[in-house]
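Me: Please take a close look at the charged side-chain pairs in this model, and set them in the context of the parts that surround them. A careful, connected account would suit me better than a list.

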Amino acid sequence: MHDSSPLTRRAALGLCAAAAIPLATATDAHAATVVGGVRLARRGIQGTGLPKRLTAAAWLVADHDSGEVLAARDAHRRLAPASTLKMLFADTVLGKFERTERYRVTDADLAGIPSGSSLVGVKPGITYTVEQLWQGVFLRSGNDAVHVLAHMNGGVARTVAEMQARAADLQALDTHVVSPDGFDHKGQLSSAYDLTLFARHGLKDADFRAYCATRAADFPAGGKKTFQIQNTDRLLTGMYGVKTYDGLIGVKNGYTSNAGNTFTGAATRDGRTLLVTVMHPKSGYNAVYEETAALLDWGFGKGSSSGAVGTLVDPLSEGGTKVTATPSGSSARAAAGAPGSAAGGGSSPWGTLTGAGGTVALLAGGAWALRRRRAAGSAGAAEENKTSRRD
């Protein structure tokens, strides 16, 4: 399929303007909101007895089953998510195609992938199963696999709009989607809270859970040839000096020059599953994994008896109660859509609204997607690992 948008640029912008989406008017890096509870709107650490030397700009620990948030730091701070945004992409698109469905990739499917993207090695003219494409997404964070699946879904613009609508349904109000792959586009933002929502909802799907737990797979190279791809989640594989985490079941890591390191992990011990999201630790390489492991250890230990500081809300489509943010002053301006990032995420000219919000967010997503071919520039440096591939 060819990339197409259901709206022209003029129409999309006009509809969004008519809906009176507020412009960003604050530089506060915290999008104040009561989603999940008022404590999660506060700056700083919420919770006690936590590990020392945590350097991440934002993080969150939650119980997967109950939805209780056990501890957090700046849970709603809007930061560049890098490839952890692929969790939302998968949660939005995964159920649309059977694993065994086959698709022959064209040049058009691979057009417009930002320079410096992580690639799994998808080639035009080769036929892939949907399962193989998702392995490319989850294991190697391949933006080429993401773009092929987005084209299968009707195009990048449509996929971005659907992702924004899914975020609104999940009540992930800190998230603004510009591209389906998490690349460093201006205004592409999420939060530790929202990324944890994506992981929690995604893990309900058996395929999502299986893909993110896969350590290695054979990937088509043309003809009858294959090559092996390995998962870049170091807590899962133990690569590059990171100790594997006992009971880890996923989920997704990422790195870009703008976002720094980001990671959402889930682990199960004694029948209990915890979710941890860590965003933008001060040091690179393995810090995001080490801090995630430390927070998981705390959650399975001291966190077992700590009181909740908030909750992961349920999707509106699954009976969740709609949350309305009613902050005032500068916090209200931040909640209206003013992203800021200590890592240089910039600001987005669109806010995310609730209510009429599902439709408005979808339209805004479509309008932004029309700009997706803008050159990434130096902000699009390749995601790191020891072989210079993006995570």
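**Salt bridges and their surroundings**

Reply: In this predicted model, Arg200 and Asp314 are joined by a salt bridge between their side chains, with an N to O distance of 3.6 Å. The two partners come from distant parts of the chain, 114 residues apart, since Arg200 sits in helix α6 while Asp314 belongs to the loop between β11 (310-311) and α10 (329-335). Their surroundings can be stated for each partner: Arg200 counts as buried, at 10% relative accessibility, whereas Asp314, at 38%, counts as partly exposed.

This pair belongs to a wider set, for the count of salt bridges comes to nine. Another of them brings together the side chains of Arg166 and Asp91, at 3.0 Å from N to O. Here too distant parts of the chain are linked, with Arg166 in helix α5 (residues 156-170) and Asp91 in helix α2, 75 residues apart. In this case the acidic partner is the buried one, as Asp91 has a relative accessibility of 11%, while Arg166 is partly exposed, with a relative accessible area of 24%.

A further salt bridge, between the side chains of Arg99 and Asp207, has an N to O distance of 2.8 Å. Arg99 is found in the loop between α2 and β4 (102-104) and Asp207 in helix α7, so this pair ties together parts that lie 108 residues apart in sequence. Arg99 is partly exposed, with a relative accessible area of 27%, and for Asp207 the value is also 27%, which again means partly exposed. Besides these pairs, Lys96, Arg158 and Glu162 are linked in a network of salt bridges. As a general background, side chains of opposite charge can pair when their charged atoms come close.

Asp207 also leads to the start of helix α7, where Asp205 caps the N-terminal end: one of the side-chain oxygens of Asp205 lies 2.9 Å from the backbone nitrogen of Asp207. Asp207 is therefore addressed twice, through its backbone nitrogen by Asp205 and through its side chain by Arg99. Within α7 (residues 206-213), the buried residues are Phe208, Tyr211 and Cys212. Viewed down the helix axis, these buried residues fall within an arc of 90°, so they line one face of α7. Among the elements that cover them are α2 (86-93), α3 (130-140), α6 (192-202), α8 (234-237) and β8 (248-256). Two of these, α2 and α6, have already appeared, since α2 holds Asp91 and α6 holds Arg200.

The nonpolar background to these charged pairs can be described as well. The largest nonpolar core has 68 residues, and those with the most contacts inside it are Leu60, Val122, Trp134, Phe138, Tyr193 and Phe198. Apart from neighbours within four places in sequence, Tyr193 is in contact with residues including Val35, Leu40, Leu60, His76, Asp174 and Thr311. A second, separate core has 24 residues, including Ala56, Leu248, Ala267 and Leu296. In general terms, nonpolar side chains tend to be buried together in soluble globular proteins.

Notes. Residues are numbered from 1 along each chain as its sequence is written. This is a predicted model: local features need pLDDT of at least 70, side-chain atom pairs count only at pLDDT 80 or more; totals for chains, interfaces and linings use all residues. Side-chain values use heavy atoms; hydrogens and water are left out. A nonpolar core is a set of buried Ala, Val, Leu, Ile, Met, Phe, Trp, Tyr and Cys residues joined through side-chain atoms within 4.5 Å. Buried means under 20% relative accessible area, exposed over 50%, partly exposed in between (1.4 Å probe, protein chains only). Contact means heavy atoms within 4.5 Å. Helices (H or I, at least four residues) and strands (E, at least two) are DSSP runs, numbered from the N terminus. The arc is that of the directions from the helix axis to the C-beta atoms. A polar contact is a pair of N or O atoms within 3.5 Å; within protein, one must be able to donate a hydrogen and the other to accept it, and residues adjacent in sequence count only if both atoms are side-chain atoms. A salt bridge is a side-chain nitrogen of Lys or Arg within 4 Å of a carboxyl oxygen of Asp or Glu.
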